[in-house]
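Work through the exercises below with the structure open. Each task is followed by a solution in steps.

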Amino acid sequence: MQLNINDKLYNIDRVDSNRKLLWILRDQLGLIGTRYGCGAGFCGACTVHINGQPTRSCITPVSAIAPDVRIRTVEGLAENGSLHPVQQAFIELQVPQCGWCMSGQMMSATALLEQSPNPSREDIRAAMKNNYCRCGCYHRIALAVERAAKLMP
Amino acid sequence: MTKTWRLTRRKFLIGLGTLTGGVAVGLPLGLPYLRRQAFRFLSQGGPPSGNIDGEPQLWFEFTDQNLLNINVTKVEMGQGAHTALGQLAAEELEVPWENVRVFQAGTLLGPIDSFGTGGSSSVSGLFTPLRQLAANYRFMLTQAAEEHLNNTVTLNKGVFVDPDGNEITLSAASRLEREWVAPETDAPLKSINDFKLIGKSVPRVDIVSKLTAQPMYSYDMTSANNTTYYGVVARPPVVGAQMQDVDANKAKSLERIISIVLQDNFVGVVAEDRETAIDAIRAININWKLPRLIENTDIDLLLDPDSNNAVELKRVGDSSSALEGSNTISAEYSTPLAATAPLEPQSSLAELGDDGIMYVRTPTQFPNQTTSAVAEAIGFDEDKVDVTPTYLGGGFGRRQRAESAVEAAILAIESGLPVHIGWTRSDEFLFDRFRPPTKHKLRGILNTQGTIEALEHRQSSGDVLFSELPEIAGSIAGSDFGATRGIDVTYNIPNLKLYAHRAKLPIATSAWRGLGLLANTFANESFVDELAFHANQDPLQFRLDHLNGETGSLVRNALLHVAKMSKWEELQQSTKEGSGMGIACCVDYGTIVAQVVQVEINKDTISVPRVWSVMDSGLVVNPNGAKNQVEGNIIWGLGSALKEEITFKKGIPSAKNFGDYQLLRIDESPEIFVDLLPSDRPPQGVGEPAIGPIPAALANAIFAATGKRIRKLPLTI
């Protein structure tokens with residue numbers, strides 16, 4: 001079977017079809033930007049986009065992904081050599097501490113901004129509430145998503 | 001090219017340089033003296049901070065492009081140590097920030113640190129030694145450049161220039177063939193007024209990588225030259241269970257299994273992928289001999305603040321007789337077990353090199369201890385083991401030990417392959433080394449002027465640092481200086497007694513962000529608020545009335561600043577039904593924190609719309625980084641105050657995943673306002689102190705809002 005990840009086609013061994021997307025991305029394809037936090041869909045560290053929808057890759061078997069589905073990971077955020085506005089804003093506000101949750105945070109933020117270009121603070125809190133940050137960077141995450149909204153083309 | 005390094009003098013920081021050696025030093029002096037010394041040192045003098053050996057070439061290297069590579073001993077777990085240490089070195093070496101790269105030293109490469117990373121001590125402890133090393137190196141490089149150009153030189157932005165305009169870069173100067181001799185007398189350090197990098201919020205060195213999917217954590221590591229294989233280790237149903245018999249026949253027939261390793265009380269599998277390895281481990285039948293199964297009540301009974309075995313930490317005046325009066329006010333507080341839960345579960349990559357060295361990449365706060373543990377497990381000499389820490393996806397004390405490093409090394413030796421072991425979230429919860437539970441009994445009495453005449457705090461806690469030390473440390477030091485962190489009282493009280501009781505719990509407890517700071521500050525600062533209420537005084541004014549002396553005036557400044565920032569008086573007057581303001585402060589080694597919390601109560605829901613925090617941590621090397629630490633500590637403190645709790649039932653902790661152990665979420669997070677106070681004092685710790693006051697400030701706010709005093713974490717209405 002094939003997976004379309006960041007507009008590139010990857011061949012996946014049939015034996016792997018029951019495996020979770022997260023581990024195929026990380027261990028098989030070397031796309032390690034998608035992180036593992038809980039394996040049960042609680043923490044959001046593994047968030048990717050499936051047809052634009054933020055999705056927990058740690059509980060998504062690759063067999064459940066139809067051939068025409070577009071997967072986007074954090075590696076697909078930057079385009080043509082320039083960082084995505086969400087990445088720019090997170091750098092500008094020096095958001096991360098340990099950083100392990102940040103790919104998931106940015107994927108949730110990007111999905112939000114693509115659907116709702118000018119979110120209120122409450123919209124941001126609601127959309128991001130299932131992304132844990134153990135270091136406690138929430139204050140900056142909220143500010144960075146607001147900043148990213150301004151940077152979005 | 002040859003370089004002769006003749007180092008004529010070395011500098012060592014004296015202190016608790018190594019955890020074991022430092023404590024044992026004073027053995028002949030007698031227990032009471034040592035206890036008091038240990039307590040005084042650790043409550044006032046500062047935490048152990050490691051040392052620095054005086055060989056600049058281990059730390060600093062200039063590339064062909066004249067970039068400065070700095071190899072640092074401290075690990076980066078999100079606290080910003082790599083950036084701040086880079087600032088210290090680059091400042092003295094006069095290198096522009098954009099030309100600085102920071103690398104992690106390993107046990108076989110670069111400088112060695114006999115301590116590790118913890119206690120908020122990386123930057124404060126190395127502030128002078130690392131700058132001094134860099135200044136001495138700069139002195140040596142200047143000499144070399146002057147010899148080479150046969151003229152005097154000045155250093156500007158990484159380049160030496162002589163009066164005729166001839167130039168030599170730091171990089172070229174560092175490669176001159178000559179006898180390099182360290183200066184007999186330390187080279188002068190820059191004055192604070194000349195700082196270009198220290199005190200500036202330069203962008204952190206690790207942030208862009210963390211936001212652009214770079215492989216930098218242990219879970220991301222793969223073998224550079226070979227295929228990486230994945231290991232899983234069988235874990236007991238209960239901590240302490242022993243393997244009886246093992247049947248691995250079914251697992252052997254599974255596809256993609258490379259090897260099954262059976263050792264004494266150890267079963268591991270190496271497979272081509274993680275999920276297969278997990279399936280194989282599940283297919284292995286193991287009979288376990290279970291230990292006695294722990295219940296929460298067992299733990300609770302062992303916590304005994306009134307125990308005769310409690311150690312006296314401090315005695316001022318005669319509080320016993322002062323507290324005999326009938327007006328004595330007493331209260332009991334408690335904090336529960338809590339999980340460390342770094343978001344990256346621990347993992348390690350182990351690979352035996354062609355040179356016979358076992359290379360391990362792992363997220364450890366204590367590389368030396370991890371090296372010893374790996375060497376012992378696989379029967380290697382320690383100099384045949386290289387432990388290089390990766391970036392840590394959170395540390396918080398849990399990464400003192402790196403069990404996965406030992407597990408991966410065993411499987412790598414047995415299979416002859418590079419093996420990566422990644423713990424699952426359940427492994428992290430079930431085999432955590434928890435924050436210990438505590439109980440506190442406080443008694444106090446007010447005099448006729450309405451100030452505190454006497455105070456006594458009897459605390460009982462599970463182990464924090466004693467669990468990481470040899471057994472003898474406990475009998476020497478008397479009290480666990482991790483558990484008692486934050487118990488000292490800064491207020492001016494004529495009669496004061498502090499006691500600590502060590503509860504030897506049948507479960508693994510250890511360091512957690514701030515160690516005992518959160519629990520002890522919760523008790524102290526809640527109780528002071530209770531006394532203020534009994535004295536019919538404003539909680540802020542009551543605190544101010546008890547503060548004098550050097551530290552007291554710093555605390556006073558911090559309290560007054562946070563009161564102004566939060567409009568304390570105005571908001572106290574104007575708060576509507578169900579809302580309230582609470583204040584609390586703490587002194588953590590040399591760092592002072594004062595915080596105000598605003599709370600809103602709606603039926604049984606506690607929400608926190610705003611938190612104001614002021615920190616005086618001496619000179620701040622990177623203010624924006626320090627603010628990020630304060631913000632994070634506020635979230636941690638609120639998580640503990642409102643949610644985090646582990647209980648035991650039939651030997652098993654109550655959480656296997658985040659469904660059973662919820663962290664604070666963004667939609668529960670307050671607006672946060674942080675001010676750092678300017679200070680002439682040298683840098684103090686910033687990674688943990690701001691966790692201290694939050695739970696007490698929140699409990700005090702709830703009291704202001706409802707009249708209900710809650711003395712147990714997590715706080716519930």
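The exercises concern a predicted model, and they go from whole chains to single residues.

**Exercise 1. Chain A as a whole**

Task: Find how many helices and strands chain A has, in what order they run, and why chain A counts as compact as a globular protein of its length.

Solution:
- Step 1. Chain A holds 5 helices and 5 strands.
- Step 2. Read from the N terminus, its elements follow the order β-β-α-β-β-β-α-α-α-α.
- Step 3. The radius of gyration of chain A is 15 Å, and the globule rule gives 15 Å for 153 residues, so chain A is as compact as a globular protein of that length.
- Step 4. Along the principal axes, the C-alpha atoms of chain A fill a box of roughly 45 × 30 × 25 Å.
- Step 5. Of its 153 residues, 60% count as buried. The surface that chain A exposes is about 5900 Å², with 48% supplied by carbon and sulfur atoms.
- Step 6. Take the contacts in chain A between residues at least 6 apart in sequence: 59% of them join residues at least 24 apart.

**Exercise 2. Chain B as a whole**

Task: Describe chain B in the same terms, beginning with how many helices and strands the chain has.

Solution:
- Step 1. Chain B has 21 helices and 28 strands.
- Step 2. Its radius of gyration is 27 Å, close to the 27 Å from the globule rule for 717 residues, so chain B is as compact as a globular protein of that length.
- Step 3. The box filled by the C-alpha atoms of chain B, taken along the principal axes, is roughly 80 × 80 × 55 Å.
- Step 4. Of the 717 residues, 61% count as buried. Chain B exposes about 27600 Å², and carbon and sulfur atoms supply 48% of that area.
- Step 5. Among contacts in chain B with a separation of 6 or more, 78% come from residues 24 or more positions apart.

**Exercise 3. The contact between the chains**

Task: State how many residues each chain brings to the contact, and which three residues of chain A supply more of its buried area than any other three.

Solution:
- Step 1. Chain A gives 48 residues to the contact and chain B gives 62 residues.
- Step 2. Between them the two chains bury about 4600 Å², of which 56% is on carbon and sulfur atoms.
- Step 3. On the side of chain A, Q97(A), Y132(A) and R134(A) supply 20% of the area buried against chain B, more than any other three residues.

**Exercise 4. A mixed sheet in chain B**

Task: For the open sheet β2-β3-β4 of chain B, find which strands stand at the edges and which helix packs on the sheet.

Solution:
- Step 1. This sheet has 3 strands in the order β2-β3-β4, and its pairing is mixed.
- Step 2. β2 (60–62) and β4 (100–104) of chain B each have a single partner strand, so one side of each is left without a neighbour in the sheet.
- Step 3. On average, neighbouring strands of the sheet are turned by 25° against each other, direction ignored.
- Step 4. Strand β3 (residues 68–72) of chain B runs parallel to β4(B) and is joined to it by 5 bridges. One bridge partner pair is V72(B) and Q104(B), the latter in β4(B).
- Step 5. Helix α4 (residues 81–93) of chain B packs on the sheet and touches β2, β3 and β4 of chain B. Its direction makes about 130° with that of β3(B).

**Exercise 5. An antiparallel sheet in chain B**

Task: Trace the open sheet β5-β6-β7 of chain B and say which helix lies across its strands.

Solution:
- Step 1. The 3 strands have the order β5-β6-β7, with antiparallel pairing.
- Step 2. β5 (154–156) and β7 (167–169) of chain B are the edge strands, each pairing on one side only.
- Step 3. β5(B) pairs with strand β6 (residues 159–161) of chain B over 3 bridges. N156(B) stands opposite V159(B) in β6(B).
- Step 4. Helix α5 (residues 122–149) of chain B lies across the strands β5, β6 and β7, at about 140° to β7(B).

**Exercise 6. One glycine**

Task: Decide whether G478(B) is buried or exposed, and say where it sits.

Solution:
- Step 1. G478(B) lies in the loop between α15 (471–477) and β22 (495–502) of chain B.
- Step 2. Buried means under 20% relative accessible area. G478(B) has 15% relative accessibility, so it counts as buried.
- Step 3. L313(B) is 165 residues away along the chain, yet its C-alpha atom is 9.3 Å from that of G478(B).

Notes. Residues are numbered from 1 along each chain as its sequence is written. Chains are lettered from A and ligands numbered from 1 in the order in which they are written. This is a predicted model: local features need pLDDT of at least 70, side-chain atom pairs count only at pLDDT 80 or more; totals for chains, interfaces and linings use all residues. Side-chain values use heavy atoms; hydrogens and water are left out. Helices (H or I, at least four residues) and strands (E, at least two) are DSSP runs, numbered from the N terminus. Buried means under 20% relative accessible area, exposed over 50%, partly exposed in between (1.4 Å probe, protein chains only). Two strands pair if DSSP finds at least two bridges between them. Contact means heavy atoms within 4.5 Å. Axes are lines fitted to C-alpha atoms, for helices over the stretch in contact, and angles run from 0 to 180 degrees between N-to-C directions. The radius of gyration is taken over C-alpha atoms; the globule rule is 2.2 Å times the number of residues to the power 0.38. Accessible areas come from the Shrake-Rupley method with a 1.4 Å probe; for residues, only the protein chains shown count as cover. Buried area is the accessible area (1.4 Å probe) that two parts lose on being put together, summed over both.
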